[in-house]
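Me: Please take a close look at a single part of this structure and explain how it sits among its surroundings. I am a first-year student, so plain wording would help.

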Amino acid sequence: MSNNRSIYILLTNTGTLFTRMIQGYTKAPYNHASISFDPELSELYSFGRKHPNNPLNGGFVKEDLKTGTFSKYPNTTCVIYELQVTEREVEKMERVLQIFVRSRQKYMYNILGVIGIALKEPVEFSNSYFCSQFVAEILERSGIKLWNKLPALVTPDDFRQSERLVLVYEGKLSDYKSR
């Protein structure tokens with residue numbers, strides 16, 4: 001199929017206190033998920049810190065490897081996966097993403113949703129997401145269902161278990177150069 005495209009799922013571990021707290025519970029190597037439409041990760045989106053120095057102010061963010069939160073944590077480790085999708089699915093994802101971009105002020109970080117995962121109970125509020133819930137939501141609203149669970153129960157580690165994702169890189173984020 002000539003209309004095949006790829007999107008990229010980036011899982012990271014910055015080693016911050018918040019990350020270490022989550023990791024203490026999940027035992028997973030990566031606890032943050034982001035989605036990108038290019039292998040350079042220049043268009044990278046997630047739910048996380050709006051300002052690198054303030055872990056409490058979270059929401060929808062366009063992440064930047066050079067100037068954002070990641071730049072403050074040069075030892076961030078990561079894994080990058082490629083997901084083959086159709087042109088049509090990318091168009092749908094970009095439309096869904098534009099809704100987030102246009103209304104980014106009204107979105108909040110779903111901290112209770114993170115606790116909900118621990119309780120295996122989805123905690124959903126309108127306009128409130130955590131990182132992997134957001135990425136799963138973008139995929140699901142575009143017709144891509146990687147798991148048989150609600151986005152509010154999807155963890156970053158679920159991406160590592162998905163058979164549709166192809167590993168393209170694992171190591172220090174600062175060492176990553178797209179192919």
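Reply: In this predicted model, L139 is in contact with I7, I35, L83, M93, I144, L146 and F159, not counting its neighbours within four places in sequence. L139 belongs to the largest nonpolar core, which has 33 residues. Together with I7, I35, F134 and F159, L139 is among the residues that touch the most other members of this core. Several elements build the core: β1 (4–13), β2 (32–36), β3 (44–51), β5 (77–86), α3 and α5 each supply at least two residues. The largest share, six residues, comes from α5. Apart from this core lies another one, of 10 residues, including L41, F70, Y169 and L173.

The helix that carries L139 is α5, residues 131–141. How much of α5 is covered? Nine of its 11 residues are buried, so the helix is mostly covered. The buried residues are C131, S132, Q133, F134, V135, A136, E137, I138 and L139. Buried here stands for a relative accessible area under 20%. Beyond the end of α5 comes G143, whose phi is positive, near 90 degrees.

Next, the partner helix. Helix α3, residues 87–102, packs against α5 at an angle of about 135 degrees, and the two axes are 8 Å apart. An angle of about 135 degrees is neither over 145 nor within 65 to 115, and α3 and α5 are therefore oblique to each other. Their crossing is right-handed. On the α3 side, the contact is made by M93, V96, L97, I99 and F100. On the α5 side, F134, I138, L139 and R141 take part. Sorted by type, the residues of this contact are eight nonpolar, no polar and one charged. In an α-helix there are 3.6 residues a turn, so residues three or four places apart point the same way.

L139 thus appears in each part of this picture: L139 is one of the buried residues of α5, L139 takes part in the contact with α3, and L139 is among the residues of the core that touch the most other members.

For contrast, consider a residue at the surface. N53 is placed in the loop between β3 and β4 (54–63). Is N53 buried or exposed? N53 is exposed, because its relative accessible area is 62% and the cut-off for exposed is over 50%. N53 and A152 are 99 residues apart along the chain, and their C-alpha atoms are separated by 26 Å.

Terms used
Residues are numbered from 1 along each chain as its sequence is written. This is a predicted model: local features need pLDDT of at least 70, side-chain atom pairs count only at pLDDT 80 or more; totals for chains, interfaces and linings use all residues. Side-chain values use heavy atoms; hydrogens and water are left out. Axes are lines fitted to C-alpha atoms, for helices over the stretch in contact, and angles run from 0 to 180 degrees between N-to-C directions. Helices (H or I, at least four residues) and strands (E, at least two) are DSSP runs, numbered from the N terminus. Angles under 35 degrees count as roughly parallel, over 145 as roughly antiparallel, 65 to 115 as roughly perpendicular and the rest as oblique. A crossing is left-handed if the near helix is turned anticlockwise from the far one by less than a right angle, and right-handed if clockwise. Contact means heavy atoms within 4.5 Å. Ala, Val, Leu, Ile, Met, Phe, Trp, Tyr, Cys and Pro count as nonpolar, Asp, Glu, Lys and Arg as charged, and the others, Gly among them, as polar. A nonpolar core is a set of buried Ala, Val, Leu, Ile, Met, Phe, Trp, Tyr and Cys residues joined through side-chain atoms within 4.5 Å. Buried means under 20% relative accessible area, exposed over 50%, partly exposed in between (1.4 Å probe, protein chains only).
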